[in-house]
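Work through the exercises below with the sequence and the model side by side, and try each task before reading its solution.

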Amino acid sequence: MTAERQPRKDIEVDRIRSISWFYLIADAVGSDKATEVRKALEPHKNTVNHLGQDDKNEKFAHYRSGKRMPNATLIEYANRRVPGTQAYVEHTVWRVLRYRGPIQNEAIAWIGSLSSRGQNLMLSNKRQVVASAPPLQLEALIKDRTLDGLAALTILLRLALERNDGIVAWKCAIAIFQTLVLMSNELMALNVGQLLYELYARRYLLSASKYSYVRAWDAFRFDLGSEVIHLYAELSRKKINGRMRHPDFYLIQAMSESEPRHQDEFLPMLIPDLEVGPPTEVGCQMLQERSELRRRLGIASSGAS
């Protein structure tokens, strides 16, 4: 069987990559003005064109808004000025997110591009993917709070969905949510936190089902919610009398499931999985609560809702 042909572009993923790239450079430049970033990267170019008129080239403003991707030559040149920007925009996580179709044949190669720590967490002694997602593996990947850890968790989730392993997919969905929240300060500084969360929620998290329920990942405002979770975790840490644990412990604890409750502290609420069948009366009420929550949070409705 031939591999599924991959599209050359992924507008949603490339938008996040472009915005991230721009703001990484803007941080080094000390200004998020498109003109200032352009001057830093292209000082040899004038602000007027060859006719002596104002140069209306707005490509850097388009990079900032995600309307346009920088080309490979500019990415490479910018990396010489701001090291690390190329590695970020070309990270494996973007390939994992944009890949269409089964990933079974791609997983090992993707894992091989991660850090040695990421590879050790993902592969067994026989160089097989540890796809069962044991607690220690998930915890280590979450606490890694890097794109490597996020890529690894995304691979685990996609593999679980492909083999219809609902339990592992459910655990990985929650682990990805926890990782995104742990990384939220970095993601929000790059102006992509909400965009990346919505991409994950729509493409993968909503596919994780357990006991005929899914979580209403689409009823969570990442920009506001992650800030509240961080504040709650810090307050919880300060209440401890005696030896305090690492701050990440309190963050993860706030986002942990408490079986058999249907309402956890900061995880999105449970709603019926409509793929299983029509909702009961109680299920309809839960769906109505989700719709009301989305309205209050200012989240636009979609056909899937």
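The exercises go from the whole chain to single residues.

The model is predicted, so local features need pLDDT of at least 70 and side-chain atom pairs count only at pLDDT 80 or more, whereas totals for chains, interfaces and linings use all residues. Residues are numbered from 1 along each chain as its sequence is written, and side-chain values use heavy atoms, with hydrogens and water left out.

**Exercise 1. Describe the protein as a whole.**

Begin with the secondary structure, which comes to 16 helices and two strands; these are DSSP runs, helices being H or I of at least four residues and strands E of at least two, numbered from the N terminus. Next, of the 305 residues, 45% are buried, where buried means under 20% relative accessible area, exposed over 50%, and partly exposed in between, with a 1.4 Å probe and protein chains only. Finally, take the contacts (heavy atoms within 4.5 Å): among those between residues at least 6 apart in sequence, 64% join residues at least 24 apart.

**Exercise 2. Find the centre of contacts in the largest nonpolar core.**

A nonpolar core is a set of buried Ala, Val, Leu, Ile, Met, Phe, Trp, Tyr and Cys residues joined through side-chain atoms within 4.5 Å. The largest one has 89 residues, and Trp 21, Leu 196 and Tyr 200 have the most contacts inside it. Helix α11 gives the most to this core, with twelve residues. Then follow Tyr 200, whose contacts, not counting residues up to four places away in sequence, include Val 93, Leu 150 and Ile 176.

**Exercise 3. Determine which residues of α15 are buried, and what they pack against.**

Helix α15 covers residues 247-254, and within it Asp 248, Tyr 250, Leu 251, Ile 252 and Ala 254 are buried. These buried residues pack against α9 (135-144), α11 (166-182) and α14 (222-239).

**Exercise 4. Decide whether Lys 33 is buried or exposed, and place it in the chain.**

First locate Lys 33, which lies in the loop between α1 (11-29) and α2 (34-41). Its relative accessibility is 53%, and therefore Lys 33 counts as exposed. Leaving aside neighbours within four places in sequence, Lys 33 is nevertheless in contact with Phe 22 and Arg 64. As a last step, compare Lys 33 with Tyr 23, ten residues apart along the chain: their C-alpha atoms are separated by 9.8 Å.
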